[in-house]
There are 2 protein chains.
Amino acid sequence: MFSRACEYGIRATIYIAGESLEGRRVSLKAIASEIDSPEAFTAKVLQLLARNEIIESVKGPSGGFEISRKNMEKIKLSRIVSAIDGDSVYTRCGLGLKTCSEKHPCPVHFKFMDIRESLRTMLETTSIYELSLGLNEGVGFLKK
Amino acid sequence: MFSRACEYGIRATIYIAGESLEGRRVSLKAIASEIDSPEAFTAKVLQLLARNEIIESVKGPSGGFEISRKNMEKIKLSRIVSAIDGDSVYTRCGLGLKTCSEKHPCPVHFKFMDIRESLRTMLETTSIYELSLGLNEGVGFLKK
DNA sequence: ATTAATTCGGACAAATTTGTCCTTTATTAT
DNA sequence: ATAATAAAGGACAAATTTGTCCGAATTAAT
């Protein structure tokens with residue numbers, strides 16, 4: 001569904017949000033450890049998210065990553081997915097046809113339409129804030 | 001969603017089915033041309049499908065690939081997907097967690113559940129036959 | 001000012017996926 | 001039997017994704 005990079009990105013963002021809600025800024029090291037991802041690779045993903053203004057990064061001692069309450073409410077899952085994987089999840093034909101459309105559908109076009117559409121809706125309406133809520137109450141997990 | 005190999009595999013199988021319905025066995029060359037895929041790579045995918053008894057292959061002059069009417073009705077999309085991509089589409093956690101489950105859910109688990117489930121249902125109920133029907137009437141397309 | 005902590009960014013490396021080429025094997029037709 | 005045709009299969013190559021390493025830049029604390 002999503003690339004590894006994207007999975008890490010979503011997990012990292014949710015974790016950062018959870019900590020930000022408690023007033024804590026978190027380091028790369030802590031993030032990679034908490035979401036169980038390779039540190040250096042995760043750094044790249046975080047850079048990308050920061051450049052896309054999904055999270056904020058602060059250099060230097062006591063630096064790290066954070067996300068404002070306002071942003072975690074405003075930013076939806078779809079923003080992260082687009083930033084990392086592009087829009088292929090939404091637009092790519094199920095069978096990989098370049099020109100697939102209502103007017104020129106591949107054989108599975110109408111079968112996939114509803115599923116793709118509900119995925120899109122879900123991604124576009126689910127906020128980071130919402131996803132971070134369960135975390136501190138131990139309802140949702142980001143690793144084993 | 002699916003790998004390239006899987007996309008080619010589905011397109012190829014649907015094409016073969018469409019031709020088999022008209023009593024024609026088709027060559028690798030014809031398949032690759034008709035579904036607009038790289039020939040040698042498509043050959044590998046077809047081998048895999050044949051080994052999984054999704055299609056039948058015949059060597060020698062006037063050989064090629066075909067699929068019986070009975071099989072195209074019996075075989076569902078899910079068989080092709082499993083054969084080529086494995087079952088990750090069904091089982092892999094949306095965020096890539098090894099241990100995600102109802103009891104130990106990732107933050108998007110319940111958001112994804114319905115979508116994943118309807119995808120599974122769709123794949124498990126859609127037959128090759130069904131998908132090949134539109135083809136010869138020009139309703140569905142396998143390339144531009 | 002110096003040092004230490006931390007992200008940034010570039011270059012590289014490994015793994016996986018995608019794709020090609022060529023020889024072998026099976027089958028048909030002559 | 002022989003030749004021609006087509007898939008099978010192995011080895012290799014290219015592209016992409018995933019992952020690592022290390023020095024540079026920035027910032028905070030002393």
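Helices are DSSP runs of H or I with at least four residues, strands are E runs with at least two, and both are numbered from the N terminus. With that, let's start at the DNA.

This is a predicted model: local features need pLDDT of at least 70, side-chain atom pairs count only at pLDDT 80 or more, and totals for chains, interfaces and linings use all residues. Residues are numbered from 1 along each chain as its sequence is written, and chains are lettered from A and ligands numbered from 1 in the order in which they are written.

Strand D of the DNA, then. Four elements each supply at least two residues of the surface near it: α1 and α3 (39–51) of chain A, plus α3 (39–51) and β2 (64–66) of chain B. Near, for a residue, means that its C-beta atom, placed from the backbone, lies within 6 Å of the strand or molecule. In total, 24 residues surround strand D. The closest are Arg4(A), Pro38(A), Ala40(A), Gly60(A) and Ser57(B). α3(B) makes the largest share, four residues. By class, the surface holds eleven nonpolar, nine polar and four charged residues. For the classes, Ala, Val, Leu, Ile, Met, Phe, Trp, Tyr, Cys and Pro count as nonpolar; Asp, Glu, Lys and Arg are charged; the others, Gly among them, are polar.

Now DNA strand C. Here 25 residues surround the strand, and the closest are Ser57(A), Arg4(B), Pro38(B), Ala40(B) and Gly60(B). Two or more residues come from each of α3 and β2 (64–66) of chain A, and α1 (4–21) and α3 of chain B. α3(A) gives the most, four residues. The split is eleven nonpolar, ten polar and four charged.

How are chains A and B related? A rotation of 180 degrees, with 0.0 Å of shift along its axis, superposes A on B at an RMSD of 0.0 Å. The two copies are therefore related as by a two-fold rotation axis. The fit is by least squares on the C-alpha atoms of residues with pLDDT of at least 70 in both copies. In chain A, Met1(A) has the C-alpha nearest the axis, 2.5 Å from it.

On to the protein interface. Each chain puts in 31 residues: 31 from A and 31 from B. Contact means that the C-beta atoms of two residues, placed from the backbone, lie within 7 Å. On the chain A side, α1, α7 (109–125) and α8 (128–136) each supply at least two residues. That side has 16 nonpolar, eight polar and seven charged residues.

Last, inside chain B. α1(B) and α5(B), residues 77–85, pack at about 145 degrees, with axes 9 Å apart. Axes are lines fitted to C-alpha atoms, for helices over the stretch in contact, and angles run from 0 to 180 degrees between N-to-C directions. From α1(B), Ala5(B), Cys6(B), Gly9(B), Ile10(B) and Thr13(B) meet Leu77(B), Ile80(B), Val81(B), Ile84(B) and Asp85(B) of α5(B). Seven of these contact residues are nonpolar, two polar and one charged.

Which residues of α5(B) are buried? Leu77(B), Arg79(B), Ile80(B), Val81(B) and Ile84(B). Buried means 20 or more other C-beta atoms within 10 Å of the residue's own, all placed from the backbone. Their cover includes α1, α3, α6 (88–91) and α7 (109–125) of chain B. Just after α5(B), Gly86(B) takes a positive phi of about 75 degrees.

Methods. A residue is buried if 20 or more other C-beta atoms lie within 10 Å of its own, exposed if 12 or fewer, and partly exposed in between; C-beta atoms are placed from the backbone.
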